[in-house]
Amino acid sequence: MSTRLATDVLIVGSGAAGLTMALSLPSHMNILVLSKGQLGGGSTAWAQGGVAGVLDDVDSVDQHVEDTLKAGAGLCDPKAVRHTIERSTSAIHWLVDQGVPFTMADGSDAEFHLTREGGHSQRRIIHAADATGLAISSTLIDRVNQAPNILVLENHVAIDLIMLEKLGVTNEPNRCVGAYVLDMAKDETVTIGAQFTLLASGGASKTYLYTSNPDGATGDGIAMAWRAGCQVVNMEFNQFHPTCLFHPKAKSFLVSEAVRGEGGLLKLPNGKRFMHEFDERAELAPRDIVARAIDHEMKRLGVDNLYLDISHKPAEFITSHFPTIYKRCLEYGYDMTKEPLPIVPAAHYTCGGVRTDVHGCTELPGLYAAGECAYTGLHGANRLASNSLLECIVYARSAAEHIINSELKAYNPENLPLWDESRVSDSDELIVITHNWDELRRFMWDYVGIVRTDKRLERAKRRVKVLKQEIMDYYSNYRVNADLLELRNLVVVAELIIESALSRKESRGLHYTRSHPQTNENAEITVLSSREVP
């Protein structure tokens, strides 16, 4: 079964970037938002810390820019950084206007409480207690549900973008004109024609065995854009969050950066602190340094985890600043007001992605990208804490503005061919998907993790090519399902990460390799193009 829909704007993803775009477009435009699961199930709702922005008189755009450039280790695009930071105040005010319940300063009903996180020189993180992402997600979902021009399709996963080039159209310049989508509830494909398409599908941390991300973070937008011919940039820079709760049932529950920002101390099993031996900023060092330090100490001692301790702070301070973390940790048997929390690093954020300009435009006309799936130039070789939600809002609003002013003409959706599955059958070998899913994520963790070597990367490269061929053979012969589509995207993203890591003959930011421990004098981004790489 296959059906056809048409819309002015198709948004693939229902997190902060996707919903911001939907709400920033004029009401006369028809907007269709795809959500892989239920609304609110993506990474946005999991974000604890907050949104970084220039909100205090003692702070400035220049200081925020400097902190971002420093964290990016020479690979940030200064133009993109300034574009983002200059719009931080208006982006946060927009969130306030939407009704996001940010935490107020003690005793004030007019000033917001600002916290500080690693790498920031000032308190500039506006937050909603320790569940900022959930507050933003819930608020934007409420606003979207009230908008008559916005249609949300839950339990829909995108299969591939539709381009004129692939349709054999030669009398018009190539551009994106929509996407093929799987309706998981009905188990049927949908052909969606759209004048404009936004990829806001999140990151790719499920490429790794251990991650702080929800199950949907499978790099779908990055893989689809790659197959459509777009460039991807800096895929070797995967941020590993240093402090995820170590518990077999916690699914790597994130213990916010803000816990260290408010005085939390990292300790060895014997209670000794160690971060001062790796960086003068100690617990407030950027995440890559902290994650590597923890990884080093775990390997040196042969232990499965280390500890984060904020129990020296008053219990009331802890429960008021971190109510969500406190409650979740209690569920797993840990009282953070009385004892240290066991923690371990986990894949957390994809700093690279689909190449865009400051308007969110990819090189394919009609196609935009925003949020974690995009490479804007803001993050460079490492992401400064709480700049990610800011990037979602700023670039989604920039893309909406660009669409409003665009003169791109609509393509007749009736000319789009329906999805063809006449030559495939139902699979009786679903174990192939399960096995390859597990194997891919395990060797990515072992060979392409926090610390890398050329030998490990070459092993990963050989294995990913075999897996990719197996998965493509399976995809070509059987009807698609959500697990197969995600695995197909994961193997593409894994190969991009490996190729990017092998091409960088230095250690910089989040990419640390024992084969090339030096940092080169010249800093250059890693650009891959599917039109050049087989």
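## Close-up views of a predicted model

**View 1. Methionine 163 sits in strand S7.** As in every view here, the model is a predicted one. Methionine 163 is buried, and its relative accessible area comes to 3%. Looking past the neighbours within four places in sequence, you will find methionine 163 in contact with Asn174, Arg175, Arg227, Ala228 and Leu364. Glycine 366 is worth a look too: 203 residues separate it from methionine 163 in sequence, while their C-alpha atoms are 9.6 Å apart in space.

**View 2. Helix H13 and what covers its buried residues.** Helix H13 runs through residues 454–477, 24 residues in total. From first C-alpha to last, H13 reaches 35 Å, close to the 34 Å expected at 1.5 Å a residue. The buried residues of H13 include Leu457, Ala460, Val464 and Leu467, and further along the list come Ile471, Tyr474 and Tyr475. Among the elements that cover these buried residues is strand S7 (156–163), the strand that holds methionine 163. Helix H12 (431–447) and helix H14 (482–503) also contribute to this cover.

**View 3. Glutamate 172 pairs with arginine 175 in a salt bridge.** The closest N and O atoms of this pair are 3.7 Å apart. Glutamate 172 is partly exposed, at 31% relative accessible area, whereas arginine 175 is buried, at 7%. Readers coming from View 1 have already met Arg175 as a contact of methionine 163.

**View 4. Lysine 206 and aspartate 215 form a salt bridge.** Here the closest N and O atoms lie 3.0 Å apart. Lysine 206 is the buried partner, with a relative accessible area of 8%. Aspartate 215 counts as partly exposed, with 42% relative accessibility.

**View 5. A salt bridge joins lysine 299 and aspartate 295, both in helix H8.** The N to O distance between the two side chains is 2.6 Å. Within helix H8 (residues 287–301), the partners are four residues apart, which means that about one helical turn separates them. In general, residues three or four places apart in an α-helix point the same way, because there are 3.6 residues a turn. Lysine 299 is exposed, at 55% relative accessible area, while aspartate 295 counts as buried, at 10%.

**View 6. Glu236, Arg504, Glu506 and Arg508 belong to one salt-bridge network.** Shared partners link the salt bridges of these residues. For the wider setting, a search of the whole structure finds 28 salt bridges.

Technical notes: Residues are numbered from 1 along each chain as its sequence is written. This is a predicted model: local features need pLDDT of at least 70, side-chain atom pairs count only at pLDDT 80 or more; totals for chains, interfaces and linings use all residues. Side-chain values use heavy atoms; hydrogens and water are left out. A salt bridge is a side-chain nitrogen of Lys or Arg within 4 Å of a carboxyl oxygen of Asp or Glu. Buried means under 20% relative accessible area, exposed over 50%, partly exposed in between (1.4 Å probe, protein chains only). Helices (H or I, at least four residues) and strands (E, at least two) are DSSP runs, numbered from the N terminus. The expected span of a helix is 1.5 Å times one less than its number of residues. Contact means heavy atoms within 4.5 Å.
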